[in-house]
Amino acid sequence: MRTPEGLLARVVPAVCRTAETDDARDTGHLAALPPEEAALVTRFPGRRAGEFAAARACARAALGGLGLPPAVILPGARGAPGWPPGVVGSLTHCAGYRGAAVARQRDLLAVGVDAEPAVRLRPGVLERVCSGDRELHSVRELLTHAPLVPWDKVLFSAKESVYKAWFPLTRRHLGFGDAEVALGQPSDGGAQGAFRARLRGAPGEANGPTVLDGRWALLGRLVATAVCVPAAPGP
């Protein structure tokens, strides 16, 4: 596993612990799965099984960063990982990369992270990802004025992170068009920044937040995003 100073640590708060690997071969992770997880991957295609195993290895390493023992992490509703009591977290994987971020529930209500190759979306995909003309125009403007950042992919990843944070809180589906994301201008030499997602037609605070704040970062060949929902302050 790589050190916490890697990609995900750039987009999550200090209360999170992260672990990640860029070993595209997923070496040894399948053999190390506990029996409950190993029984699941027998139904997965070969590459998917390796991704599952490597992401779980990252998750257990991140849990260790919280001082917690290894845990079996089975997928639940819509594939969301089932964390130990008192823990929230998120997993992500893309070509040649697997990662996990976790936190204690007393610090954060939800964590959503996503990593993607830092390349532009295929033609026509951006229009399907955007919630409307305003979001589409904003991304096209960013692509024109700061072309070294693949803003369309940042948007795609941000919406993935929004969903990963939203679903554990509400147990409800959220489509690309349900969140309008405003991407902040880059800082730190253009390598990272913030974003804000407003959920369109979303229910009130009793059922889930209507505004979610996140961060994005570009590192080498990857872009990562995260949405972390803070816990309510104590009395």
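## A pocket, two sheets and a pair of helices

Let's start with the largest pocket: 32 residues line it, and those nearest its centre are Gly-79, Ala-80, Pro-81, Leu-91 and Lys-164. Keep in mind that what you're looking at is a predicted model. The volume of this pocket comes to about 780 Å³. Helix 2 (46–65), strand 2 (87–94), strand 4 (108–117) and helix 5 (151–170) are the elements that each give two or more residues to its lining. Which of them gives the largest share? That's strand 2, with seven residues. Sorted by class, the lining holds 16 nonpolar residues, seven polar ones and nine charged ones.

Strand 2 also takes us to the next stop, an open sheet of three strands. They come in the order 1-3-2, and the pairing is antiparallel. Strand 1 (17–21) and strand 2 are the edge strands, each pairing on one side only. From one strand to the next, the twist averages 10 degrees. Strand 1 runs antiparallel to strand 3 (residues 97–104), and five bridges join the two. If you want a spot to look at, find Arg-17, which stands opposite Val-102 in strand 3. Helix 2, which we met at the pocket, packs on this sheet and touches strand 1, strand 2 and strand 3. The direction of helix 2 makes about 35 degrees with that of strand 3.

Now for the other sheet. Here five strands form an open sheet, again with antiparallel pairing, and the order is 4-8-7-6-5. Strand 4 and strand 5 (179–183) stand at the edges with a single partner strand each, so one side of each has no neighbour in the sheet. The twist in this sheet averages 25 degrees from one strand to the next. As a bit of background, strands of a sheet pair through backbone hydrogen bonds, either parallel or antiparallel.

How many bridges join strand 6 (residues 192–199) to strand 7 (residues 211–219)? There are seven, and the two strands run antiparallel. Strand 5 and strand 6 are antiparallel as well, joined by five bridges. Here are some bridge partners to look for in this sheet:

| Residue | Bridge partner | Strand of the partner |
|---|---|---|
| Gln-192 | Ala-217 | strand 7 |
| Ala-194 | Arg-215 | strand 7 |
| Ala-182 | Arg-196 | strand 6 |

What lies across this sheet? Helix 5 does: it crosses strand 4, strand 5, strand 6, strand 7 and strand 8 (222–230). Helix 5 runs at about 150 degrees to strand 4. Both helix 5 and strand 4 are also among the elements that help line the largest pocket.

Helix 5 has a helix partner too. Two packed helices are described by the angle between their axes and the distance between the axes. For helix 4 (residues 133–145) and helix 5, the angle is about 135 degrees and the axes are 8 Å apart. The two helices are therefore oblique to each other.

Which residues meet where these helices pack? On the helix 4 side you'll find Glu-135, Val-139, Leu-142 and Leu-143. On the helix 5 side, their counterparts are Trp-151, Asp-152, Leu-155 and Lys-159. The residues of this contact divide into five nonpolar and three charged, with no polar ones.

Technical notes
Residues numbered from 1 in each chain as written. Predicted model: local features only at pLDDT ≥ 70, side-chain atom pairs only at ≥ 80, totals over all residues. Heavy atoms only, no water. 1 Å grid on protein atoms, 1.4 Å probe; cavity = no way out; pocket = protein on both sides within 12 Å on 5 of 7 lines; lining within 4 Å. Points joined across faces, edges and corners; volume = space filled by probe spheres on them. Helix = DSSP H or I, 4+ residues; strand = E, 2+ residues; numbered from the N terminus. Nonpolar A, V, L, I, M, F, W, Y, C, P; charged D, E, K, R; others polar. Pairing = 2+ DSSP bridges. Axes fitted to C-alpha atoms, helices over the stretch in contact; angles between N-to-C directions. Contact = heavy atoms within 4.5 Å. Parallel < 35°, antiparallel > 145°, perpendicular 65-115°, else oblique.
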